[in-house]
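These are my notebook entries on a single protein chain. I set down what I looked up, one topic at a time.

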Amino acid sequence: MGDDVDSLRRRVYLGDSYREFGEVTAVDARTQAAELAAAGSWGPLARVAGVAQAWRELAIELERVGEGSTVAALDEATRTRYARRLWVEPPGGSLL
């Protein structure tokens, strides 16, 4: 469970500020998806399209849980899966 707790506490940039991943709501996820999708999805930005899709799917998942739900309300397996897809947990353990 240690990695999951670390993921929840990792800070992600949303719009104009940093927040802990565990505090992200469906509105936050949908807004992030729209911003990334607006950046483009071809050439070197193709990877961004996949991350934007993951943010959209996270928003849907959070809406299913209930209004005002946060990532922390999701089960551990789901949180871990999204942390990886959204690069909250960097691929291979590091972005460097």
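**Entry 1: Trp87**

I began with Trp87, which I found in the segment after α4. The model is a predicted one, and I keep this in mind for every entry. I looked up the backbone angle phi of Trp87 and noted a value near 65 degrees, which is positive although the residue is not glycine. I recorded this because most residues other than glycine have a negative phi. I then asked how far Trp87 is exposed. Its relative accessible area is 33%, so Trp87 counts as partly exposed.

**Entry 2: The chain as a whole**

I next looked up the elements of the chain. There are four helices and two strands. Read from the N terminus on, their order is α-β-β-α-α-α. The chain has 96 residues, and 34% of them count as buried. I also looked up the contacts in the chain with a separation of 6 or more: residues 24 or more positions apart account for 54% of these.

**Entry 3: Helices α2 and α3**

I turned to the packing of helices. Helix α2 covers residues 26–39 and helix α3 covers residues 46–65. Their axes lie 8 Å apart, and the angle between them is about 160 degrees. How do α2 and α3 run relative to each other, roughly parallel or roughly antiparallel? An angle over 145 degrees counts as roughly antiparallel, and α2 and α3 are therefore roughly antiparallel to each other. I noted that α2 passes α3 in a left-handed crossing.

I then listed the residues that make the contact. On the side of α2 they are Ala26, Ala29, Arg30, Gln32, Ala33, Leu36 and Ala37. On the side of α3 they include Val48, Val51, Ala52, Trp55 and Arg56, and also Leu58, Ala59, Ile60, Leu62 and Glu63. By kind, the residues of this contact comprise 13 nonpolar, one polar and three charged.

**Entry 4: Glu63 and Arg30**

Two of the residues in that list, Arg30 of α2 and Glu63 of α3, I looked up again. Their side chains meet in a salt bridge, at 2.9 Å from N to O. The pair links distant parts of the chain, for Glu63 in helix α3 and Arg30 in helix α2 are 33 residues apart. Glu63 is partly exposed, with a relative accessible area of 45%. Arg30 is also partly exposed, and its value is 36%.

**Entry 5: Helices α3 and α4**

I repeated the search for α3 and α4. Their axes come within 9 Å and cross at roughly 155 degrees. α3 and α4 are therefore roughly antiparallel to each other, and their crossing is left-handed. Which residues make this contact? From α3 I noted Val51, Ala54, Glu57, Leu58 and Glu61, and from α4 I noted Thr78, Tyr82 and Arg85. The residues of this contact divide into four nonpolar, one polar and three charged.

**Entry 6: Glu61**

I singled out Glu61, whose place is in helix α3. Is Glu61 buried or exposed? The limit for a buried residue is under 20% relative accessible area. Glu61 has 19%, so it is buried. Leaving aside residues up to four places away in sequence, Glu61 touches Leu74, Thr78 and Tyr82.

**Entry 7: Other salt bridges**

How many salt bridges does the structure hold? I found six. One of them joins Glu89 and Arg10, with the closest N and O atoms 2.8 Å apart. This pair links distant parts of the chain: Glu89 belongs to the segment after α4 (76–85), and Arg10 to the loop between α1 (2–9) and β1 (11–14). The two residues are 79 residues apart. Arg10 has a relative accessible area of 34% and is partly exposed.

Another salt bridge brings together the side chains of Asp28 and Arg19, at 2.7 Å from N to O. I compared the exposure of the two partners. Asp28 has 16% relative accessibility and therefore counts as buried. Arg19, with a relative accessible area of 24%, is partly exposed. I closed the entry with a network of salt bridges that links Arg19, Glu23 and Asp28.

Conventions:
Residues numbered from 1 in each chain as written. Predicted model: local features only at pLDDT ≥ 70, side-chain atom pairs only at ≥ 80, totals over all residues. Heavy atoms only, no water. Axes fitted to C-alpha atoms, helices over the stretch in contact; angles between N-to-C directions. Parallel < 35°, antiparallel > 145°, perpendicular 65-115°, else oblique. Left-handed = near helix turned anticlockwise from the far one by under 90°. Contact = heavy atoms within 4.5 Å. Nonpolar A, V, L, I, M, F, W, Y, C, P; charged D, E, K, R; others polar. Salt bridge = Lys/Arg side-chain N within 4 Å of Asp/Glu carboxyl O. Buried < 20%, exposed > 50% of the residue type's maximum accessible area, 1.4 Å probe, protein only.
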